[in-house]
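The exercises below are meant to be worked through with the sequence and the structure side by side. Try each task before reading its solution.

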Amino acid sequence: MQEKLCDLIIIGTGPAGLSAAIYSQRQGLSATVFGDTPGGNLYMIESVKNYPGFHEGVPGMQLGIFMYSQAQSEGANFTMTNVGSLEKSGERFVAKDTSGNIYSAPLAIIAAGSTPKRLNVQNAALDGIHYCALCDGPLYRGKNAVIIVVGGGDRGGHLCVFLSKIARQVILIDKGSSLKMSAAQQKAVAMAENVEVLLNTEVQAFIGENELKGVLVSSPDGQRKELSADALFMSIGWAPNVSMMRFPVAATPEGFLKTDAKLMTSCAGLFAAGDVRDSDLKQIVTSCADGARAATHAAEFIQLKQYTANGHNLNFQ
Ligand SMILES: Cc1cc2nc3c(=O)[nH]c(=O)nc-3n(C[C@H](O)[C@H](O)[C@H](O)COP(=O)(O)OP(=O)(O)OC[C@H]3O[C@@H](n4cnc5c(N)ncnc54)[C@H](O)[C@@H]3O)c2cc1C
């Protein structure tokens, strides 16, 4: 099949990819955007309450459609297919989509987001099981709720402290014999009086019909018990969506892409934006900002040849 040429390949139709599409089109780059879900993860969010400009909240799906329509009206080309593979061919990036179409461009932005790691146990799809405390935690404010947090890393510790101000009680469960969070985070958890920590405790099943009512857990002594809860927040990690990449790029051990101050990866001409990137805050507003910045620096890169493959001297930690 013949290669279709464009200036910029964008992988992902979430807030990062759509913002990148808007900004690149406005800077004169022709963008081809891959992804079959306009708005990306936004479709999962009932009401977005922390995106500036919508003080009463906005359904995630609607916000995603707004962003998608805006990118479309700027002239971005949407394939509505996923990228099966992204390869490097000389100075160009070559994307093969799931329908067999092949696109090539001198620039690419990976904005493919990440997927929350889930537990493969019974009833994992009940209402009341959440993956974003900043987003869904406030739903339980004033409800005298008991909330379980699964995962005792730094993020889990942060969630506990955040949720302890909302819930009547927070129970932190970790299957390990100690918490993996930093000493400072452990201290913050210990200072929150309504947080109970259960170590050596593993989730066996979620309990409930449609809504979560509790969790069945086991401990190493073989005992199983039920913990009642109104909500549960998973914090066992997120996996970046990078399986389409066929060439090596600097990344964290979990696979999140490392970038320089201009959001370029260790591969010249390849940028990363949004949740797929190694960053400290993964939210809609930061993903939009990433997309705008990646597109702007991609345009700058191609126009000024500010970086070259040889002179590409980045400082990755
Ligand atoms: C349940 C939930 C609630 C949340 N609530 C909030 C909230 O209230 N406020 C807030 O600010 N943030 C919230 N977030 C976080 C927010 O959704 C993310 O930070 C944001 O969507 C990240 O944007 P993104 O564009 O980087 O990635 P995503 O939104 O994940 O979009 C990436 C897209 O790329 C697609 N993709 C992956 N691989 C490929 C491929 N090979 N080819 C083509 N496409 C591909 C994915 O399928 C996805 O559609 C929530 C997240 C979840 C899961």
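**Exercise 1. Find the residue of β17 that stands opposite H130, and then place β17 in its sheet.**

Begin with the pair itself: H130 has F233 of β17 opposite it. The strands here are DSSP runs of E with at least two residues, numbered from the N terminus, as helices are runs of H or I with at least four. The model is a predicted one, in which local features need pLDDT of at least 70 and side-chain atom pairs count only at pLDDT 80 or more, while totals for chains, interfaces and linings use all residues. Residue numbers start from 1 along each chain as its sequence is written.

Next, widen the view to the strands. β10 (residues 129–130) pairs with β17 in the parallel sense over 2 bridges, and two strands count as paired if DSSP finds at least two bridges between them. I129 has L232 as its bridge partner in β17. Strand β11 (residues 146–150) also runs parallel to β17, joined to it by 4 bridges, and here I148 has L232 as its partner.

Finally, assemble the sheet, which is open, has 5 strands in the order β10-β17-β11-β12-β13, and is paired in parallel. Because β10 and β13 (195–198) stand at the edges with a single partner strand each, one side of each is left without a neighbour in the sheet.

**Exercise 2. Decide which residues of β17 point the same way, and whether they are buried or exposed.**

Along β17 (residues 231–234), A231 and F233 point one way, whereas L232 and M234 point the other way. All of them are buried, where buried means 20 or more other C-beta atoms within 10 Å of a residue's own, exposed means 12 or fewer, and partly exposed lies in between, with C-beta atoms placed from the backbone.

**Exercise 3. Describe the sheet that contains β14, β15 and β16.**

The sheet is open, with 3 strands in the order β14-β15-β16 and antiparallel pairing. Since β14 (202–207) and β16 (224–228) are the edge strands, each with a single partner strand, one side of each has no neighbour in the sheet. Looking closer, β15 (residues 214–218) and β16 are joined by 5 bridges and run antiparallel, and V215 has L227 as its bridge partner in β16.

**Exercise 4. Explain why the ligand lies between the two domains.**

First, divide the chain into domain 1 (3–116 + 238–304) and domain 2 (129–234), bounds that come from an automatic or database domain assignment. Their C-alpha centres lie 33 Å apart, and 4 residues of domain 1 are in contact with 5 residues of domain 2, contact meaning that C-beta atoms, placed from the backbone, lie within 7 Å.

Then turn to the ligand, which is surrounded by 34 residues, the closest being G14, G40, G113, C135 and G274; a residue is near a molecule or strand if its C-beta atom, placed from the backbone, lies within 6 Å of it. Both domains give residues to this shell, so the ligand lies between them.

**Exercise 5. Determine where S47 lies and which residues it touches.**

S47 belongs to the loop between β3 (31–34) and α2 (60–73). It is partly exposed, because 15 other C-beta atoms lie within 10 Å. Leaving out residues up to four places away in sequence, S47 touches G57, V58 and P59. S47 and G60 are 13 residues apart in sequence, and their C-alpha atoms are 5.7 Å apart in space.

Methods. Contact = placed C-beta atoms within 7 Å.
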